[in-house]
Amino acid sequence: MRLGVLDVGSNTVHLLVVDAHPGACPLPAYSHKAELRLAQLLDADGAIGPGGLDRVVRVIRDALRAAEDKGVEELLPFATSAVRDARNAGEVLERVRRETGVELQVLTGPEEARLTFLAARRWFGWSAGKLLVIDIGGGSLEIAFGMDEEPDAAVSLPLGAGRLTGTRLPGDPPAPDDVRALRRHVRTEIARTVGEFSRLGPPDHVVATSKTFKQLARIAGAARSAEGPYVPRELKRQSLEGWVSRLSAMTTAERAELPGVSEARAGQLVAGALVAEAAMDLFRVESVEVCPWALREGVILRRLDHMGPA
């Protein structure tokens, strides 16, 4: 069947269309993205304002038309931290339902972590042993660890690259004092979770997902996305540490000229790099392997599991 996943995230509304059936690898057929940056549209009270609501409805309508054009049989719509944390989340969901007919499922942070972990486990297989999975989104950071398809530990922290950029790094380039303050904040928040994972023992394989890690790996020398998903891509902590100070001294326009960095994400790359560096350092990780599958694929896999064998 042809499935569509509609991901209303903190940075984008992303429709991923795949051809899939139980027991088979989902094959990407079409991708439709619209930049939204919901994490940066929250007002002083933490609500998504009227302008932001209009944009949400508009881009979801566009995604629905694309899904119809591509023959999607079933749509799996969900929202993540930007909607979840908005003070008027109920109003957002109701307006989307009323004006588009879409019933958005709001994932909790731990659900995001577990579904992303499932995708990484299926991609790397059982031979990867105990997996530590780190995902940096626009609104939150998810970390999960385990031996099975369901992680033994999963946490979500409000340390998304878009959220932190909008609230803590106003300058372009950001002021050194703001960068240092954000570094302290990020490390304090992550350090509180380390004990929950360290009691489970060391991982056999450490995996990173998300656009942030893909871009950081690319500027550090990893293969281009055009070379396909099966080319191994690695990000070493030593290399990342060298890039953090360089990125923070650049303007958004200068970062956008780096290999693999999109203009839309260049502004939040400093915050993302600080979170990535902190997570790797505090969890004593020397390198991560970038996984091409993440939350959207996890949602698809879970749906296929519930369908049973073909």
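This passage walks through the strands of a predicted model, starting with an open sheet and moving on to the strands around β7.

The open sheet is built from five strands, laid out as β3-β2-β1-β4-β5, and its pairing is mixed. Its two edges are taken by β3 (27-35) and β5 (105-106); each has a single partner strand, so one side of each is left without a neighbour in the sheet. Further in, β1 (residues 2-8) and β2 (residues 12-19) run antiparallel and are joined by seven bridges. Within this pair, V5 sits opposite L16 of β2. A helix packs here too: α12 (residues 295-307) lies across β1, β2 and β4 (74-79), and its direction makes an angle of about 130° with β4.

Then there is β7, which has a hairpin on either hand. With β6 (residues 131-136), β7 pairs in the antiparallel sense over six bridges, and L131 stands opposite G146 of β7. Four residues separate β6 and β7 in their hairpin. On to β8 (residues 153-157): this strand also pairs antiparallel with β7, here over five bridges, and F145 has A153 as its bridge partner in β8. The β7 and β8 hairpin has six residues between its strands.

As for burial, six of the six residues in β7 (residues 141-146) are buried, so the strand is largely enclosed by the rest of the structure. In a regular strand, side chains alternate between the two faces of the sheet. Both faces of β7 are covered, with L141, I143 and F145 buried on one side and E142, A144 and G146 buried on the other.

Conventions:
Residues numbered from 1 in each chain as written. Predicted model: local features only at pLDDT ≥ 70, side-chain atom pairs only at ≥ 80, totals over all residues. Heavy atoms only, no water. Pairing = 2+ DSSP bridges. Contact = heavy atoms within 4.5 Å. Axes fitted to C-alpha atoms, helices over the stretch in contact; angles between N-to-C directions. Buried < 20%, exposed > 50% of the residue type's maximum accessible area, 1.4 Å probe, protein only.
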